[in-house]
Every structure is written in C-alpha cells, then in structure tokens.
Amino acid sequence: MPGLNIGIDLGTSTVTAFVEGKGIVLSEATAITYDTFHNEIVAIGNTAMDMLEKAPDSLVPVKPIKSGVISDFSATAEILSTIVEKVCKNQIFRPNVIVNAPSCVTSPDRKAIVEACCAGGAGKVSVIAEPVLSALGIGLSIEHPHGVMVIDLGAGTTDIAVITMGTVAYATSLKVAGDDMDKSIRQYIRREKDIDIGLHSAKKIKHTVGCAYRRSEEIEMSVTGKDHLSGMPKVFSISSNEVYEALKDHIRAILNGIQDVLEQTPPELYSDICNEGITLTGGLSKLPGLDKVLTKKLGIKVTRAADPEHSAAKGAGYVLKNMKALEDHGYSFRAKEYTE
Ligand SMILES: Nc1ncnc2c1ncn2[C@@H]1O[C@H](COP(=O)(O)OP(=O)(O)O)[C@@H](O)[C@H]1O
Ligand SMILES: [Mg+2]
C-alpha cells in the first residue's frame, strides 16, 4: 500500500498516533473548542481540554467521543485531520489508518469511525476492536485457538473481551469507566460536604487518592472547592476511603460485568483464562488496588499491563507491521473493514 501507515487510538479522553517505523509520535486530548461568535476553531487537543468548564460563553469546548463512539462527527473529523496533518506533514499519498473501536460497537458507529478517518485525510481505514489491539500491544499471543481475556478500562467504557484466534469471541462494553467515576466523586463531595467542585478537580482526586479498596492506612489530599450555600471558596480534605465510598458501586459494576462475560465463556476458553490470568489495560487500570481486588473476587490472577494507556496504539503499530504475515498464516482480524 503506498503512503504512510499510521495507527490511531481514538479514545474518549485521548487520541494517540503511532507511525510505522517511529512508534508513538503524539498524544492529545480528544477535545476541540469552537468560537461560536466568529464561527471558527480556536483550539484542538490538550489546549481545548484545559478550557472545559473554564471557557467564556462565546467558546464551546466539545469532547466528541462519548463511550468510545462518535457523538459529534465533524468535531471528530477535525481532530483526526489535525492529527493526520501533523503526522504526515508533506506526504503526497493519504495515509492508511488502523483505528480502534469498542468491541461491541454497532455497524453504523463503526462506519462513522471509518468515515471520520477518511474525512480527516485517511486513505484506507481498518477498524479493529480495542481489546484485540491492546492484547497485541501488550505482546499477548492471540492468534491461536486459546482464550485470552483483556479488559480495557478507559474514560468512557470498560471493554471486557475474550479473544481467541485473533478475534473477539465474547465481550461486553460497560459505560462505567473513568469519566463516570469523576462524576461520582463530584456528587459525593456535594452530598457529604456541601461543596461544589469541577470535573478537573474530581479527576485529580481520583488520580491522587483514588483507591479500589478500603485502605488500612489512609492517604489524604487538600482541595479547593466552592461552598454550596455561601458560594465562598472552601479548602477541604478528602481521604482515600472517602473516594473508595464514591467509587465502590462502579467497581462492583465492573466486577459484575467481568463475571457475566466469564459465565458466557465456554469451558475450554474459560480454563485457558484461569490458567493464564486476565490483563487490564487503559488509563483507569492504574486505579490503585483494582488488579488485587479483582484477583480476590474472581479467584483468577488479574495483572495490569505496563504502560496501559498506550497498549492500543502500540497494538495498532503491531498490526501495521504484521497484518500481511498474519493473513499469510491463515489468520485475519475479522473486525477488519476497508473502505475503497
Ligand atoms: N493513576 C490513575 N488512577 C486512576 N485513573 C487514572 C489514572 N491515570 C489515568 N486514569 C484514568 O484513565 C482514563 C483514561 O484512560 P485512557 O485509556 O487514556 O482512556 P480512553 O482510551 O477512553 O481515552 C481517565 O478516566 C483517567 O482519569
Ligand atoms: Mg482507550
């Protein structure tokens, strides 16, 4: 195929580009800000994300991917176009793109991803289920008749998948993930302390003192919010166990989702998973203790991948390099789809 081959991890919070021969070349927030008065784009990526909840009324920051699927087509195409331009610079041919999608994506949503990539400047596009890409990015061997379970915990979805022979055999995509947890932390603080905080602060709390279990030695942090009644600034302290209280229902929902997929999994694949364990990827897998809690509740070893946010982008890089070889060996990714 002439032209540059690039892999794009189109995430709810972050879009990451992988270029064949170079590795991960850029990572930007999946956000765009419009100036509604002058009808123009004022920021794309991290700068646009910084404007969320902070922009004046004339500027509208948009996060165009919701739960792993496109909710705003033209905003997504604009972001992809910026990424493609930055990566391809003076290339004559349009690049071939490998892009991810949640494993349970509907066919119109999958088509929208292909079309947004093409509108953003891609030539041929191949959409592959995110857990398949993540598994390849981690270096798991998935092309054999052997069950592998990968759970991708992102901002918008928790994608739980059993993979065998290069494709997803059983999967579910939960809408419980990092963004929902941020909202629950914000609600908890409003309910328990009568203080309002924004989603940026809630996310920072999750990253700093977030925990998937009740810690015996608590950690705390200090946060500035706004007193709900007086409207005055208020500095307060929040502990890891309070954050656990805010997150525990989500952790239970993730556990239930995994148990549901394991229940549907036939015994031979199930026993492979019990022997090999389960791998967590995606940024939310960094929530302290999540791997240990799941190991204890499921009775199956659960491990977090190294560099979990980049598993899918690295997997796209692997596919760019090895797709032909895999096809030659009789394995093809059935989730693959080309537009001509
Ligand atoms: N150390 C951390 N602890 C808890 N959550 C984290 C941590 N680091 C990142 N996250 C969360 O991971 C999510 C982003 O993961 P990512 O895989 O990049 O998402 P997506 O692919 O959906 O864009 C966000 O909700 C972010 O807050
Ligand atoms: Mg992701």
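Helices here are DSSP runs of at least four residues, numbered from the N terminus. With that convention in place, I turn to the model, which is a predicted one, and I shall begin with the ligand.

Helix α6, residues 199-209, gives the most to the shell around ligand 1, contributing three residues. The shell as a whole comprises 16 residues, and those that come nearest are Ser13, Ala155, Lys206, His207 and Gly283. Sorted by class, the shell holds three nonpolar, ten polar and three charged residues.

Which atoms of Ser13, Lys206 and Gly283 approach the ligand? For Ser13, a backbone N or O atom lies 2.7 Å from an oxygen atom of ligand 1. In Lys206 the side chain is involved, with an N or O atom 2.7 Å from a ligand oxygen. Gly283 places a polar backbone atom 2.9 Å from an oxygen atom of ligand 1. Taken alone, the ligand exposes 580 Å², and the protein buries 89% of that area. As for the site itself, the space that ligand 1 takes is the largest pocket.

I move now to individual residues elsewhere in the chain, starting with those that are buried.

Glu28 belongs to strand β3, which covers residues 23-29. Is Glu28 buried or exposed? Its relative accessible area is 19%, and Glu28 therefore counts as buried, since the cut-off for that class is under 20%. A polar atom of the Glu28 side chain lies 2.8 Å from the backbone nitrogen of Asn46.

Met49 sits in helix α1, residues 46-50. With a relative accessibility of 11%, Met49 is also within the limit of under 20% and so is buried. How far apart are the C-alpha atoms of Met49 and Tyr270? The separation is 41 Å, for two residues that are 221 residues apart along the chain.

Leu247 is placed in helix α7, which runs over residues 240-264. Its relative accessible area is 0%, and so Leu247 is buried. Between the C-alpha atoms of Leu247 and Pro233 the distance is 25 Å, with their positions 14 residues apart in sequence counted as the separation along the chain.

Next come residues with greater exposure by class. Glu276 is found in helix α8, residues 267-276. At 57% relative accessibility, Glu276 counts as exposed, because that class requires over 50%. Computed along the sequence, so to speak, Glu276 and Ile251 are 25 residues apart, and their C-alpha atoms are 23 Å apart in space.

Lys66 is located in strand β7, residues 65-66. Its relative accessible area is 44%, so Lys66 is partly exposed, the class that lies between the cut-offs of 20% and 50%. From Lys66 to Asp260 the sequence separation is 194 residues, and the C-alpha to C-alpha distance is 23 Å.

Finally, I draw attention to the backbone at two positions. Most residues other than glycine have a negative phi. Met165 is not a glycine, and its phi is positive, near 50 degrees. Where is Met165 found? Met165 is in the loop between β12 (158-164) and β13 (167-174). Its relative accessible area of 41% makes Met165 partly exposed.

Asp307 likewise has a positive phi, of about 50 degrees, although it is not a glycine. This residue, Asp307, lies in the loop between β18 (302-304) and α10 (311-328). At a relative accessible area of 33%, Asp307 is partly exposed.

To close, I return to the ligand site. Ligand 1 takes the space of the largest pocket, and helix α6 gives the most to its shell. Beyond the site, the two loop residues discussed last, Met165 and Asp307, each have a positive phi. I am glad to take questions.

Conventions:
Residues numbered from 1 in each chain as written. Chains lettered and ligands numbered in written order. Predicted model: local features only at pLDDT ≥ 70, side-chain atom pairs only at ≥ 80, totals over all residues. Heavy atoms only, no water. Near = heavy atom within 4 Å. Polar contact = N/O pair within 3.5 Å; in protein donor to acceptor, adjacent residues only side chain to side chain. Areas by Shrake-Rupley, 256 points an atom, 1.4 Å probe, with all protein chains shown as cover. 1 Å grid on protein atoms, 1.4 Å probe; cavity = no way out; pocket = protein on both sides within 12 Å on 5 of 7 lines; lining within 4 Å. Sits in = over half its atoms within 2 Å of the grid points. Helix = DSSP H or I, 4+ residues; strand = E, 2+ residues; numbered from the N terminus. Nonpolar A, V, L, I, M, F, W, Y, C, P; charged D, E, K, R; others polar. Buried < 20%, exposed > 50% of the residue type's maximum accessible area, 1.4 Å probe, protein only.
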